[in-house]
Amino acid sequence: MLMRTDPFRELDRLAQQLIGPGTWSKPSAMPMDAYREGDEYVVAFDLPGVTADAIDIDVERNMLTVRAERRPVAKADDVQMELSERPLGVFSRQIVLADTLDTEHIEAGYDAGVLTLRIPIAERAKPRKISVGVGAGHKEISG
């Protein structure tokens, strides 16, 4: 059997074992992307192997908190684990949202291990045109 080794991956695995999995009191971080798409702010979190019912999303004022837990897969008694690199435990991320976002209308979707939150931009924060009126009562100043 041919085996490839990567010493840095092995160091990462050992460090993860020493640190241990995330717990509810000390969760691990989860990778994310955030960008603006039209009139929405989109935040995508990588959560592979997490079931949708193990994801908890809260918004309090302008603080968005996402927590997820990856649980071990149930194994039969005759299964012997040879290698385990996928982290288990609790993952969490907190983001401070701008006041220009409408936190009342956040939409969440979960597909292929990616949690996507779509946060609309509040109407008061959208750019708008202001028309200038020319009234009949304006006067010219002459000197």
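In this predicted model, strands E3 and E4 run antiparallel to one another and are joined over six bridges. Within this pair, Glu 60 faces Met 63 of E4. The two strands belong to an open sheet of three, arranged in the order E3-E4-E5 with antiparallel pairing. The edges of this sheet are formed by E3 and by strand E5 (89-96), each of which pairs on one side only. Neighbouring strands here are turned by 15° against each other on average, with direction ignored.

The loop that links strand E3 (55-60) to strand E4 (63-70) deserves a look of its own, for it holds Arg 61. Most residues other than glycine have a negative phi. Arg 61 is not a glycine, yet its phi is positive, at about 55°. The residue is also exposed, with a relative accessible area of 77%.

A helpful residue for reading the three-stranded sheet is Thr 65, which lies in strand E4. Its relative accessibility is 12%, so Thr 65 counts as buried, the cut-off being under 20%. The side chain of Thr 65 makes a polar contact of 3.0 Å with the side chain of Gln 94. Once neighbours within four places in sequence are set aside, the contacts of Thr 65 are Asp 56, Ile 57, Asp 58, Ser 92, Arg 93 and Gln 94.

A second open sheet contains four strands in the order E1-E2-E7-E6, again with antiparallel pairing. Strands E1 and E6 each have a single partner strand, so one side of each is left without a neighbour in the sheet. From one strand to the next, the twist averages 20°. At one end of this order, E1 and E2 pair in the antiparallel sense over six bridges, and Glu 37 is placed opposite Glu 40 in E2.

Two tyrosines help to trace the four-stranded sheet. Tyr 35 sits in strand E1 (residues 32-37) and is partly exposed, at a relative accessible area of 38%. Beyond its neighbours within four places in sequence, Tyr 35 touches Glu 40, Tyr 41 and Val 42. Its C-alpha atom lies 10.0 Å from that of Arg 118, although 83 residues separate the two in sequence.

Tyr 41, in turn, is found in strand E2 (residues 40-46). This tyrosine is likewise partly exposed, with a relative accessible area of 28%. With neighbours within four places in sequence left out, the contacts of Tyr 41 include Ala 34, Tyr 35 and Arg 36, along with Leu 101. Leu 117, Arg 118, Ile 119 and Ile 121 are also in contact with Tyr 41. Between Tyr 41 and Asp 102 the C-alpha to C-alpha distance is 9.7 Å, across a sequence separation of 61 residues.

The four-stranded sheet also invites a look at the loop between strand E6 (107-111) and strand E7 (114-120), where Ala 112 is located. Ala 112 has a positive phi of about 55° without being a glycine. With a relative accessible area of 75%, Ala 112 is exposed.

Note on methods
Residues numbered from 1 in each chain as written. Predicted model: local features only at pLDDT ≥ 70, side-chain atom pairs only at ≥ 80, totals over all residues. Heavy atoms only, no water. Buried < 20%, exposed > 50% of the residue type's maximum accessible area, 1.4 Å probe, protein only. Pairing = 2+ DSSP bridges. Axes fitted to C-alpha atoms, helices over the stretch in contact; angles between N-to-C directions. Polar contact = N/O pair within 3.5 Å; in protein donor to acceptor, adjacent residues only side chain to side chain. Contact = heavy atoms within 4.5 Å.
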